[in-house]
Amino acid sequence: MIECVSTVGVDRNLRNLTVGNDDQTSHYDLSKCVRIANTTVRSIASFTRDDDRIRTVISSRYGQRRTSRAGHLLHTATNTIVAKAVHRREAIVLENIEGIRSLYRNGNGQGRKYRGRMNGWSFGEAQRQIEFKARWAGLPVIRLSRCETRGSSVTCPRCRERLQSDKRLVRKLWCTDCRMVMDRDMVAAVNLARRGRVRFARSRPPILLEAQGGAVEAMKGNPTPTVIPGVDALKLTHPMKS
């Protein structure tokens, strides 16, 4: 496992992946996935065959092609994300957005096209690829709970006040105290990285000096191994040899 020195948050959105922390942030454009999904839906809707069986077979092939193309775009983005995190020795922090499909059910007062677009959001595939590649490279992945990520996209990373939205600003938020306009996705990524750093710090075990009769003191710079519960639990029972 890589001994990390910091954390980086990953904010998953319909049209992009935003990765960042206090040092820097990056956007990975995934708007092409939305265009691919819209094209596939229009192509399937244009079928005029009377045979339902043939229409089902052809539609499934179009769906498989859509999944393959979107997966390739996600593969390229997640490869870059994990490679940069490995180079900078940063643990990846992900938020828990399970159950978000319930926000786009029929009867919620939303349009059919909007619900179809949001239900086609491949946020689960992005998480699967990031976790698989990170573990393959020996990089810890921290999955925050819903309580830990509450308000992460509307809290100012500078003064911790609640940000205000404006219809004239697309995906931008305004901080009344700092007098600054901030990108919503960037704010979420930075806050995820900070909250993941808290979990990351708690998971670091103290230096084992009891055997030498010395006192244990948590200080910055101590050569403690990085242990993330649930990711590398074997380290808790079988410490790595120096």
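This is a guided tour of a predicted model, moving from the whole chain to two helix pairs and then to three single residues.

**The whole chain**

Begin with the full protein in cartoon view, where 6 helices and 8 strands can be picked out. Followed from the N terminus, these elements run in the order β-β-β-α-α-β-α-α-β-β-β-β-α-α. If you colour by accessibility, 38% of the 242 residues count as buried. Among the contacts between residues at least 6 apart in sequence, 64% join residues at least 24 apart.

**Helices α1 and α2**

Next, select helix α1 (residues 31-45) together with α2, and look at how the two pack: their axes lie 10 Å apart, at an angle of about 175 degrees. Because an angle over 145 degrees counts as roughly antiparallel, α1 is described as roughly antiparallel to α2. To see the contact itself, show the side chains of K32, C33, I36, A37, T40, S43 and I44 on α1, and those of S59, Y62, R66, R69, A70 and L73 on α2. By class, the residues of this contact divide into 7 nonpolar, 3 polar and 3 charged.

**Helices α2 and α4**

Keep helix α2 (residues 52-88) selected and add helix α4 (residues 123-137); here the axes come within 9 Å and cross at roughly 40 degrees. That angle makes α2 oblique to α4, and the crossing in which α2 passes α4 is right-handed. The residues to display are G71, L74, H75, T78, N79, V82 and V86 from α2, with E125, A126, Q129, I130, K133, A134 and A137 facing them from α4. This contact of α2 with α4 is made up of 7 nonpolar, 5 polar and 2 charged residues.

**T7 in strand β1**

Now move to strand β1 (residues 6-12) and centre the view on T7. Is T7 buried or exposed? Its relative accessibility is 0%, so T7 counts as buried. Leaving out residues up to four places away in sequence, T7 touches N21, E90, A91, V93, I142, A193, G196, R197 and F200. Zoom in on A193, one of these residues, and you will find its backbone oxygen 2.7 Å from a polar atom of the T7 side chain. For a further reference point, select G20, which is 13 residues from T7 in sequence, with the two C-alpha atoms 8.7 Å apart in space.

**M182 and D183 in strand β8**

The last stop is strand β8 (residues 180-183), where D183 is found and where M182 also lies.

Take M182 to begin with: its relative accessibility is 4%, so M182 counts as buried. Beyond its neighbours within four places in sequence, M182 is in contact with C156, P157, R158, L163, R171, K172, L173, C175 and V187. A distance drawn between the C-alpha atoms of M182 and P157 comes to 9.7 Å, although these residues are 25 apart in sequence.

Then shift the selection to D183, which counts as buried because its relative accessibility is 16%, the cut-off for buried being under 20%. Which residues does D183 contact, once its neighbours within four places in sequence are set aside? The contacts are with H27, R171 and K172. Finally, display the backbone of D185, whose nitrogen is reached by the side chain of D183 at 3.1 Å.

Notes: Residues are numbered from 1 along each chain as its sequence is written. This is a predicted model: local features need pLDDT of at least 70, side-chain atom pairs count only at pLDDT 80 or more; totals for chains, interfaces and linings use all residues. Side-chain values use heavy atoms; hydrogens and water are left out. Helices (H or I, at least four residues) and strands (E, at least two) are DSSP runs, numbered from the N terminus. Buried means under 20% relative accessible area, exposed over 50%, partly exposed in between (1.4 Å probe, protein chains only). A polar contact is a pair of N or O atoms within 3.5 Å; within protein, one must be able to donate a hydrogen and the other to accept it, and residues adjacent in sequence count only if both atoms are side-chain atoms. Contact means heavy atoms within 4.5 Å. Axes are lines fitted to C-alpha atoms, for helices over the stretch in contact, and angles run from 0 to 180 degrees between N-to-C directions. Angles under 35 degrees count as roughly parallel, over 145 as roughly antiparallel, 65 to 115 as roughly perpendicular and the rest as oblique. A crossing is left-handed if the near helix is turned anticlockwise from the far one by less than a right angle, and right-handed if clockwise. Ala, Val, Leu, Ile, Met, Phe, Trp, Tyr, Cys and Pro count as nonpolar, Asp, Glu, Lys and Arg as charged, and the others, Gly among them, as polar.
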